[in-house]
Amino acid sequence: MTTNVKATIPANVPATMPRPQPLPGRDSAFFWDGAARGELMGQRCAACKLFRHPPRPMCPNCQSVEREEVRLSGRGTIHAFIHPVHPMIPMFDYPLTCVLVDLEEGIRIFSNLYECEKEDVRIGMPVEVFFVPTAGDKQVPVFRPARDAKAGSKGARS
Ligand SMILES: [Zn+2]
């Protein structure tokens, strides 16, 4: 005899544990130091000025190992998204939205989307960065719908 077990995900399950803290490597330490300050940082080739993410030692365009660490605008648009449901991870709030964001500087970053109902997420939606705390008194960058875009559309209607 088989039992039909249906997994149900309760809405808005609050996280019961802090998010795991970042584990910086030699190439990504500046990124996580920036996040701890509330700044989204990016790596740019010092020779050809191409941005790259995630941070790595050599430029894929010109093979230079000279690099610059630049504060990014934190603005971008959603390239893709998913709503993972199983297995639920106790450090995250559900429903959870994972996004790939195309940043203005031309690089793509993986993150979470907050302050947006699951049904309202759209590819191409303008978003802006903010930061949420983790274990170890660190922070990670996450995104929410861009407030400028909301204000702009509201202004256009009135
Ligand atoms: Zn380069």
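**Close-up views of a predicted model**

**View 1. I82 stands opposite C98 in β5.** The model shown here and in the other views is predicted. Strand β4, residues 75-82, pairs with β5 in the antiparallel sense, and six bridges link the two. β5 is likewise joined to β6 by six bridges, again with the strands running antiparallel, and here C98 stands opposite N112 in β6. The strands β5 and β6 form a hairpin with four residues between them, and within the turn G106 has a positive phi of about 95°.

**View 2. The side chains of β5 alternate between two faces.** In a regular strand, side chains point in turn to one face of the sheet and then to the other. Along β5, the residues T97, V99, V101 and L103 point to one face and are buried, whereas C98, L100 and D102 point to the other face and are not buried.

**View 3. Twelve residues make up the largest nonpolar core.** Which strands each supply at least two residues of this core? They are β5 (97-103), β6 (108-113), β7 (126-133) and β8 (139-145), and of these β5 gives the most, with three residues. Members of the core include L40, L72, I78, I109, L113, V129 and F143. Nonpolar side chains tend to be buried together in soluble globular proteins. One member, L72, is in contact with L40, M41, G42, L103 and E105 when its neighbours within four places in sequence are left aside.

**View 4. β7 pairs with β4 and with β8.** Three bridges connect β4 and β7, which pair in the antiparallel sense, and at one of the paired positions T77 has P126 in β7 as its bridge partner. The pairing of β7 with β8 is also antiparallel and extends over seven bridges, with P145 in β8 as the bridge partner of V127. The hairpin of β7 and β8 has five residues between the strands, and in this hairpin G136 takes a positive phi near 75°.

**View 5. Three strands form an open sheet in the order β2-β1-β3.** The strands of a sheet pair through backbone hydrogen bonds, and the pairing may be parallel or antiparallel. In the open sheet the pairing is antiparallel. The edge strands, each of which pairs on one side only, are β2 (51-52) and β3 (67-71). Strand β1, residues 41-45, is joined to β2 by two bridges, and these two strands run antiparallel; R44 has F51 in β2 as its bridge partner.

**View 6. Helix α1 carries the buried residues F31, W32, G34 and A35.** The helix covers residues 29-37. On which side of α1 do these buried residues lie? They cover an arc of only 155° around the axis, and so they are placed on the same side of α1. Among the elements that cover the buried residues of this helix are β1, β7 and β8. Just after α1 comes G38, where phi is positive, at about 85°.

**View 7. R56 has its place in the loop between β2 and β3.** Is R56 buried, partly exposed or exposed? R56 has 13 other C-beta atoms within 10 Å and is therefore partly exposed, given that a residue counts as buried with 20 or more such atoms and as exposed with 12 or fewer. R56 and G25 are 31 residues apart in sequence, while in space they lie 9.9 Å apart, C-alpha to C-alpha.

**View 8. The whole chain, with its confidence, gives the setting for the close-ups.** The secondary structure of the protein chain comes to two helices and eight strands, which follow the pattern α-β-β-β-β-β-β-β-β-α along the sequence. Of the 158 residues in the chain, 17% are buried. Among contacts between residues at least 6 apart in sequence, 56% join residues that are at least 24 apart. The average pLDDT is 88, and 84% of the residues score at least 70. Over residues 1-7 pLDDT stays under 50, and the model has one contact beyond four places in sequence for this stretch. Residues 151-158 also have a pLDDT below 50, and in the model this stretch has zero contacts beyond near neighbours in sequence.

Definitions and conventions: Residues are numbered from 1 along each chain as its sequence is written. This is a predicted model: local features need pLDDT of at least 70, side-chain atom pairs count only at pLDDT 80 or more; totals for chains, interfaces and linings use all residues. A nonpolar core is a set of buried Ala, Val, Leu, Ile, Met, Phe, Trp, Tyr and Cys residues joined through C-beta atoms within 7 Å. Two residues are in contact if their C-beta atoms, placed from the backbone, lie within 7 Å. pLDDT is the predictor's confidence in each residue, from 0 to 100. Two strands pair if DSSP finds at least two bridges between them. The arc is that of the directions from the helix axis to the C-beta atoms.
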